[in-house]
Amino acid sequence: MSAAAMTCSEVRERLGELSLGIVPAEEARRIEWHLQSCAGCRKEQAELQEGAATLAFSLPPADPPPSLEHRVIDRVAQASGRRVPAQAHRQLRTQVRRLASVAVAAAILASLSVGWAVSERNRAGDVQRATELQAQRLPREVAKLIDSLGRPAVEVALSPTPGRQGTGTATIVSVPRQDDLIFVTAYLVDSNHGPYTLRLETTTGRIVEDGQLQRTQSGTLIFSDRPGLDLSKVQFVSVLDRQARPVMTGRVPAVRASPTP
Amino acid sequence: MALDHEGPLSSESEQVLMRQLVAGDDDAVRALYGRFGRSVYTLGVRLLGSNESAEELTQDVFVAAWRKADRFDAARGRLSTWLMAIAHNMAIDRLRHERGVGRPFLVLVDEVPEVDGIEDESVLERELARRAMMVLSATERDLLSRAYFYGWTAREISEADGIPLGTVKTRLRTALIKLRTANEREAVRAAAEGVLE
């Protein structure tokens with residue numbers, strides 16, 4: 001048969017076979033192409049398909065295992081980006097922890113190197129540069145990993161309160177039925193009023209987290225993932241100084257990014 | 001709208017269910033599976049020949065249904081028909097892919113034990129289908145079975161039976177229409193008798 005568009009007569013001659021699934025794939029595609037623009041052939045196809053479905057329904061029923069329903073629901077949830085495969089979720093959590101530990105390690109190295117001999121300081125400097133490079137690379141890896149989960153992270157911009165200067169971001173990944181993830185980076189021009197704490201508040205005013213931020217060598221304050229948090233209802237993210245005064249605040253966007261199929 | 005799986009859905013309800021499925025709603029997936037999971041699984045077991053393959057097929061079919069849900073149009077056909085067409089096509093693709101053959105070569109497993117005591121929609125569908133099948137002649141049943149369950153092409157049937165190709169195509173089409181008409185008539189009768197209420 002030629003590759004030209006099929007006529008109604010050619011299509012109708014093949015519709016019975018198409019409904020029974022015995023038309024070669026290439027030809028089936030050409031018939032489907034015709035059906036998209038031909039209501040008459042489409043109607044006939046629908047009727048023939050009902051006949052074919054009757055064949056399927058006439059089979060003596062088999063008993064699916066009870067667990068299949070849950071697996072089906074889970075697969076659709078994963079495909080729609082509403083649920084993250086456990087393995088990918090674990091990988092993300094490991095990456096976020098690594099990111100945090102590398103950043104903190106850079107800070108410790110910096111403080112240790114202060115009192116060292118010059119030669120030692122040079123060696124420490126190399127290690128420190130390598131560590132910083134890794135610290136720069138890791139956020140990109142984490143971002144890529146979050147993308148690969150098919151569920152966009154929620155980015156919350158943190159703004160300084162009046163009289164403060166600085167910038168910050170909280171990245172939240174809220175995954176139904178699994179631990180949520182949060183990673184916060186904040187930079188304050190005057191960061192001498194620490195220790196600083198992170199406060200997460202829900203729409204009802206409930207505080208779901210009140211943990212301490214860690215300070216890195218470059219002065220950036222970070223907070224990383226703490227398992228067991230439900231962050232799906234968090235509305236306000238704040239950084240508080242040691243007197244519990246907010247120095248940075250951010251509001252979670254009203255409409256969280258919807259999953260992309 | 002309730003998404004339980006008691007009784008058949010109206011066209012309107014089917015469309016609503018599919019809209020909810022587009023959103024990936026767990027309850028919509030649960031409702032769809034509750035209605036047709038067993039039928040899809042049954043087709044998988046009978047055609048693919050193993051429980052494992054049938055379970056994988058069932059998962060793939062419902063994911064495919066979610067992906068295509070926005071294209072479902074209740075005005076163009078029943079949800080059960082639409083879903084079983086997806087299941088049958090995917091089973092055939094799977095056989096083609098796994099066996100590397102140019103055409104489907106389906107195996108109907110007759111030894112799968114039948115399950116008693118099921119009360120979901122698949123029982124009603126099966127009862128209607130079983131009654132509808134009875135209007136076909138033995139020759140028509142054999143013809144459709146060879147095509148749908150064993151993947152024989154019209155040409156192969158023509159050569160095996162010594163019948164002109166055009167005649168085989170016409171008989172396949174006629175038998176399908178007959179089956180569909182009988183199924184519809186049985187559904188109307190069952191509704192009138194209160195079986196499907």
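This presentation walks through a predicted model with chains A and B, from the helices of chain B to the strands of chain A.

The model being predicted, local features need pLDDT of at least 70 and side-chain atom pairs count only at pLDDT 80 or more, while totals for chains, interfaces and linings use all residues. Residues are numbered from 1 along each chain as its sequence is written, chains are lettered from A and ligands numbered from 1 in the order in which they are written, and side-chain values use heavy atoms, with hydrogens and water left out.

Let me begin with chain B. It contains eight helices and zero strands; helices (H or I, at least four residues) and strands (E, at least two) are DSSP runs, numbered from the N terminus. The pattern along its sequence is accordingly written α-α-α-α-α-α-α-α. Of its 197 residues, 51% count as buried. Here buried means under 20% relative accessible area, exposed means over 50%, and partly exposed lies in between, with a 1.4 Å probe and protein chains only.

Consider helix H1 of chain B, residues 11-22. How far apart should its ends be? The expected span of a helix is 1.5 Å times one less than its number of residues. For the twelve residues of this helix that gives 16 Å, and the end C-alpha atoms are 17 Å apart, which agrees. The buried residues in H1(B) are Ser13(B), Glu14(B), Val16(B), Leu17(B), Met18(B) and Leu21(B). As general background, an α-helix has 3.6 residues a turn, so residues three or four places apart point the same way. After H1(B) comes Gly24(B), with a positive phi near 75°.

Further along chain B, Arg71(B) sits in the loop between H3 and H4. This arginine is exposed, with a relative accessible area of 60%. Arg71(B) and Arg19(B) are 52 residues apart along the chain, and their C-alpha atoms are separated by 9.9 Å.

I turn now to the largest pocket. On a 1 Å grid over the protein atoms alone, a cavity is a set of points where a 1.4 Å probe fits but cannot get out, whereas a pocket is an open set with protein on both sides within 12 Å along at least five of seven lines; lining residues have an atom within 4 Å of a point. Grid points are joined across faces, edges and corners, and a volume is the space filled by probe spheres set on the points. The largest pocket holds about 1300 Å³ of space. Its lining has 38 residues, and those nearest the centre are Glu32(A), Gln45(A), Gln49(A), Lys68(B) and Asn89(B). Two or more lining residues come from each of H1 (8-19), H2 (25-37) and H3 (39-57) of chain A, and from each of H3 (51-68) and H4 (79-99) of chain B. H4(B) gives the largest share, eleven residues. By type, the lining has 19 nonpolar, nine polar and ten charged residues. In that division Ala, Val, Leu, Ile, Met, Phe, Trp, Tyr, Cys and Pro count as nonpolar, Asp, Glu, Lys and Arg as charged, and the others, Gly among them, as polar.

Next, the cysteines. How many disulfides does a search of the whole structure find? It finds zero over all chains, a disulfide being a pair of cysteine sulfur atoms within 2.5 Å. For Cys8(A), the nearest cysteine sulfur is that of Cys38(A), 3.7 Å away. The sulfur of Cys38(A) has its closest cysteine sulfur in Cys41(A), at 3.5 Å, which is too far for a bond. Cys8(A) is partly exposed at 34% relative accessible area, whereas Cys38(A) counts as buried at 12%.

Finally, the strands of chain A. In strand E4, residues 197-202, Leu198(A), Leu200(A) and Thr202(A) point to one face and are buried, while Thr197(A), Arg199(A) and Glu201(A) point to the other and are not. E4(A) pairs with strand E8, residues 234-240, in the antiparallel sense over six bridges; two strands pair if DSSP finds at least two bridges between them. Within E8(A), Ser238(A) is the bridge partner of Arg199(A).

E8(A) also pairs with E9(A), antiparallel, over five bridges, and Val237(A) has Gly250(A) as its bridge partner in E9(A). Their hairpin has five residues between the strands, and Ala244(A) takes a positive phi near 65° there. E9(A), residues 246-251, pairs in turn with strand E1, residues 154-160, in the antiparallel sense over two bridges. Ser159(A) has Thr249(A) as its bridge partner in E9(A).
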